[in-house]
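Q: Please take a close look at the interface between the two chains of this model. I would like the extent of the contact, the polar pairs, the strand pairing and the symmetry in one account.

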Number of protein chains: 2
Amino acid sequence: MTMTTDFNAAKINNGVNVDALLGAREAFEQTPEAAQFKWRASCEWVTGTHSRSTIKNFFGLGTEQSRDKHFCVEADHPKVFAAEDNAPTPVEIVLAGLASCLTAGVAAVAQRRGIQLHSVKATLEGDMDIQGILGMDDDIRNGFGGIRVHFDIRADASQDDIKSLVAQSQKRSAVFDIITNPTNVFVTVN
Amino acid sequence: MTMTTDFNAAKINNGVNVDALLGAREAFEQTPEAAQFKWRASCEWVTGTHSRSTIKNFFGLGTEQSRDKHFCVEADHPKVFAAEDNAPTPVEIVLAGLASCLTAGVAAVAQRRGIQLHSVKATLEGDMDIQGILGMDDDIRNGFGGIRVHFDIRADASQDDIKSLVAQSQKRSAVFDIITNPTNVFVTVN
């Protein structure tokens with residue numbers, strides 16, 4: 001029975017190295033200071049509402065981690081805001097961050113549970129009353145009034161097991177936590 | 001005096017159409033339902049922790065708004081998480097969203113106040129204890145313990161006026177609000 005399970009689990013490949021993640025857990029139990037990460041981005045104003053953020057290095061496992069490349073994320077406002085629409089809006093970028101965090105989590109949990117995924121698609125929508133950012137009414141918040149995420153997943157698993165994958169991903173998602181709970185942001189100038 | 005002020009204001013160009021934004025404010029006072037926006041993203045799993053989010057349409061001004069193009073935001077995990085590092089992590093993407101939202105705000109407020117910007121650079125760092133997302137300790141959150149944002153701004157303005165630009169941007173930033181305050185996220189499956 002155990003052999004059959006192991007045999008099936010070995011065939012499951014969602015592209016996630018679960019053994020390495022479980023190994024990291026054990027290592028962090030010995031040296032919890034290695035689990036303290038610092039993630040970074042820097043952003044340069046281009047013109048108007050157009051900007052370009054660069055992502056390269058971070059700190060983790062007790063040392064600076066330097067990627068051999070950098071990533072860019074551009075942002076802008078759309079034409080209905082009298083802007084150039086060169087890139088997605090900052091709030092759409094946050095939705096992409098949430099979507100990708102939950103999706104990566106689904107893949108990792110599926111791998112851990114021996115469930116072969118075939119496809120995962122997340123569709124997100126966030127409500128925003130623009131009167132908030134325009135400063136028209138202090139009772140209207142600047143951010144999203146609420147966000148809906150819908151997952152469409154094809155996998156070798158029952159509907160209940162698929163729902164459970166998403167629930168576990170949500171429970172351990174960094175961006176889900178960032179959006180649903182408050183985080184202190186300290187801003188300094190020059 | 002007024003003419004001099006107008007003359008100076010006319011020469012200020014940060015690439016933001018403040019008149020259009022003020023016009024939008026007036027329009028929304030008449031028809032607040034036009035200010036109800038829905039921002040969207042959809043995300044497809046590639047493999048492992050790699051995903052690709054697509055951003056195209058949104059709802060606003062009482063109707064569907066269709067861009068004539070779409071934007072992609074890819075995400076992945078880094079090699080120290082035994083992943084492929086094809087793209088930034090979801091949490092770095094959220095930092096880029098915050099950076100770009102505050103930076104666009106600085107440009108808009110500067111335009112409104114008649115301050116010529118020369119350069120704006122934001123540097124962000126978020127602390128994360130990875131024991132949270134690994135589920136090692138329920139007292140450790142999944143998201144950032146805190147975020148620091150530092151602005152380096154060159155502009156034709158006093159240091160106090162530059163600080164005030166950033167404070168006003170922060171006050172009206174959608175993403176700053178999303179990160180510092182809780183937002184409900186509703187997740188459904190299939």
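A: What follows describes the contact between the two chains, from its extent to its symmetry. The model is a predicted one, and the values below are computed from it.

The extent comes before the details. Chain A puts 119 residues into the contact, and chain B likewise puts in 119 residues. The size of an interface is often expressed as the accessible area lost when the parts come together. Here chain A and chain B bury about 10,800 Å² between them, with 61% of that on carbon and sulfur atoms. On the side of chain A, the residues that lose the most area to chain B are Trp39(A), Trp45(A) and Arg172(A), which together make up 8% of what that side buries.

Next come the polar interactions. The rule finds 10 salt bridges across the interface of chain A and chain B. In one of them, Arg67(B) is paired with Asp85(A), and the closest N and O atoms lie 2.9 Å apart. Counting polar contacts between chain A and chain B gives 62 residue pairs, both residues being at pLDDT 80 or more. Helix α3 of chain A, residues 90-112, gives the most to the side of chain A that touches chain B, namely 15 residues. By residue class, that side of chain A divides into 60 nonpolar, 37 polar and 22 charged residues.

Strands also pair across the contact. Strand β6 of chain A (residues 117-129) is joined to strand β1 of chain B (residues 36-47) by 9 bridges, and the two run antiparallel. In this pairing Gly126(A) stands opposite Trp39(B). Within its own chain, β6(A) pairs with strand β7 of chain A (residues 146-155), in the antiparallel sense and over 10 bridges; there, Val120(A) has Ile153(A) as its bridge partner. Strand β7 of chain B, in turn, is joined by 5 bridges to strand β8 of chain A (residues 185-189), and these two run parallel. Val185(A) stands opposite Ile147(B) in that pairing.

The symmetry completes the account. Two copies of a chain are related by a rotation about an axis and a shift along it. For this pair, a rotation of 180° with 0.0 Å of shift along its axis superposes chain A on chain B, at an RMSD of 0.0 Å. The two copies are therefore related as by a two-fold rotation axis. The same surface serves both copies, since 100% of the contact residues of chain A recur in chain B.

Note on methods:
Residues numbered from 1 in each chain as written. Chains lettered and ligands numbered in written order. Predicted model: local features only at pLDDT ≥ 70, side-chain atom pairs only at ≥ 80, totals over all residues. Heavy atoms only, no water. Contact = heavy atoms within 4.5 Å. Buried area = accessible area lost by both parts, 1.4 Å probe. Salt bridge = Lys/Arg side-chain N within 4 Å of Asp/Glu carboxyl O. Polar contact = N/O pair within 3.5 Å; in protein donor to acceptor, adjacent residues only side chain to side chain. Helix = DSSP H or I, 4+ residues; strand = E, 2+ residues; numbered from the N terminus. Nonpolar A, V, L, I, M, F, W, Y, C, P; charged D, E, K, R; others polar. Pairing = 2+ DSSP bridges. Least-squares fit on C-alpha atoms with pLDDT ≥ 70 in both.
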